[in-house]
Each structure stands twice: as structure tokens, then as C-alpha cells.
Amino acid sequence: MIADELIGTAHVPDGVELRLIRRGDEFTIVLERNELMNTRVSESERALATMTFERLAGRDAPQFLIGGYGMGFTLRAALAVLGADASVTVAEIVPEIIEWARGPMESLTAGCLDDPRVVLVKDDVAMLIASAENAYDAILLDVDNGPDGLTRRENDLLYSPVGLKAAMTALTPGGILAVWSAHPDDAFAARLRTAGYEVDEIRVRSRPNNKGSKHVIWFARKA
């Protein structure tokens with residue numbers, strides 16, 4: 001039996017402590033007893049990017065904003081489908097997440113942070129959203145376990161009526177706000193519709209071949 005190895009800890013600004021655990025070739029980021037990310041369970045994080053891309057088919061030089069690098073599954077999936085004319089801004093507020101990506105998880109990262117299409121911003125994605133107008137064709141949010149502040153209370157603002165209005169302002173016409181969640185949230189889906197988005201709620205398995213638990217992605221289109 002392979003034992004767990006603590007690789008490092010990180011403190012989310014104004015939030016909780018995260019731990020990076022390695023078991024053989026597998027990595028996990030945990031909060032207390034909650035598993036936030038795991039290298040074996042990543043299909044829905046990839047779908048966050050690929051399904052958004054499919055819904056934006058035909059756009060020239062699409063501009064993506066990804067909130068939360070995590071383990072990079074969403075970023076790598078986006079880079080795999082986007083063309084050379086695309087741009088992907090990644091906002092990650094926890095410095096250690098990027099240090100882990102360039103350090104112990106370097107083989108998993110596979111150089112995605114050095115792709116010429118990528119701009120890495122070590123700050124809160126809410127700041128980028130609030131300062132933008134008609135700037136992004138897609139905003140992809142995976143900064144917590146869903147539309148509630150598990151790792152950081154300030155994340156709640158992103159999913160509030162104020163945050164949803166800011167995201168709509170930041171999106172180009174027809175742009176998409178895509179939100180990943182570990183669980184359904186009818187109240188959040190209702191807030192999206194009240195904010196004026198056209199909403200498509202999709203359940204996606206966490207592992208390939210239709211295996212694993214079901215996660216939720218909301219694709220909210222700006223009219």
C-alpha cells in the first residue's frame with residue numbers, strides 16, 4: 001500500500017489552508033477532509049473548457065478568462081481546442097498553486113503555463129471581471145466547490161447578483177459564463193436566469209467512459 005505524502009501547504013488569502021498530497025503518481029489538493037482536486041478525477045474540469053468552446057464555434061481570436069488554475073485541466077483542455085489566434089488569461093490567487101504546478105506537478109503541467117497564448121495573473125479573478133467591458137468571449141469559473149465560498153468567503157460575490165452582472169458586462173455579446181460545481185444548486189441557476197442569461201445546465205461525469213460522480217456545469221450566455 002502506497003502511503004500519502006504531504007508535499008506542501010498553502011493559505012488561500014482571507015481563507016483556508018490547502019494541502020497538496022501525493023500518493024505514488026496521484027496528486028490531491030485537500031481542505032481539511034474535503035478533496036477539492038484529484039489528478040484521477042478531472043473529466044468535468046476538461047469539459048468546462050471543451051463544451052464552452054463548442055458553444056462559441058466560429059468565433060475569430062476568442063478571448064478566454066479562466067478563474068482558478070487548480071491542477072490545470074481546464075487550461076490544458078482549452079489550449080488543445082483553441083487556435084493560435086486565441087488568448088487565455090488565467091487568474092490564480094494562491095501563489096503556491098502555481099509553484100506546485102511548476103514544481104512537483106511539472107510533468108502534469110506539461111508546459112501549459114508557458115504557452116504563448118496564456119497570460120497568467122496572480123490575483124483574484126473577480127478583479128479582472130470587474131475591470132473589463134466586452135472583453136471576454138468566455139469566462140470559466142472553477143474557484144471553489146460550487147457557487148458557495150468553501151475555500152474563501154469572498155468567492156460568494158462572484159455568484160451573487162452583483163457578480164453575475166459584472167460578468168455580463170465583461171462578456172462580449174453572445175459570450176458565455178461557464179461555472180463548474182460539484183453539486184446542483186437550483187437557487188444559483190435561478191439567479192443566472194434572473195440576471196438575464198440564457199442558461200444551459202449540464203451534468204458531467206467526473207471520470208472518462210461515463211464513470212464517477214456527476215458534476216454540474218452551467219453555461220450562461222449573454223444575449
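What percentage of the 223 residues in the protein is buried? In this predicted model, buried residues make up 51% of the 223, and colouring the chain by accessibility is a reasonable way to begin the tour.

Next, show the whole chain as a cartoon, where seven helices and eleven strands can be picked out. The radius of gyration is 16 Å, close to the 17 Å that the globule rule gives for 223 residues, so the protein is as compact as a globular protein of that length. Aligned with its principal axes, the set of C-alpha atoms fills a box of roughly 55 × 40 × 35 Å. If contacts are then displayed, keeping those with a separation of 6 or more, 67% of them join residues 24 or more positions apart.

Switch to the surface, of which the protein exposes about 10400 Å², with carbon and sulfur atoms supplying 49% of that area. Selecting the charged side chains brings up 24 positive and 33 negative ones, and the centres of these two sets lie 5 Å apart.

Now select helix α1, which covers residues 43–55, and within that helix centre the view on E45. Is the side chain of opposite charge nearest to E45 close enough for a salt bridge, and which residue carries it, are the points to check here: E45 is buried yet has no salt bridge, and the nearest such side chain, that of R46, is 6.9 Å away. To see what surrounds this glutamate, leave out residues up to four places away in sequence and display the remaining contacts, in which E45 touches F73, T74, D142 and W180.

Definitions and conventions. Residues numbered from 1 in each chain as written. Predicted model: local features only at pLDDT ≥ 70, side-chain atom pairs only at ≥ 80, totals over all residues. Heavy atoms only, no water. Helix = DSSP H or I, 4+ residues; strand = E, 2+ residues; numbered from the N terminus. Rg over C-alpha atoms; globule rule 2.2 N^0.38 Å. Buried < 20%, exposed > 50% of the residue type's maximum accessible area, 1.4 Å probe, protein only. Contact = heavy atoms within 4.5 Å. Areas by Shrake-Rupley, 256 points an atom, 1.4 Å probe, with all protein chains shown as cover. Lys, Arg positive; Asp, Glu negative; His and termini not counted. Charge placed at Lys NZ, Arg CZ, Asp CG, Glu CD. Salt bridge = Lys/Arg side-chain N within 4 Å of Asp/Glu carboxyl O.
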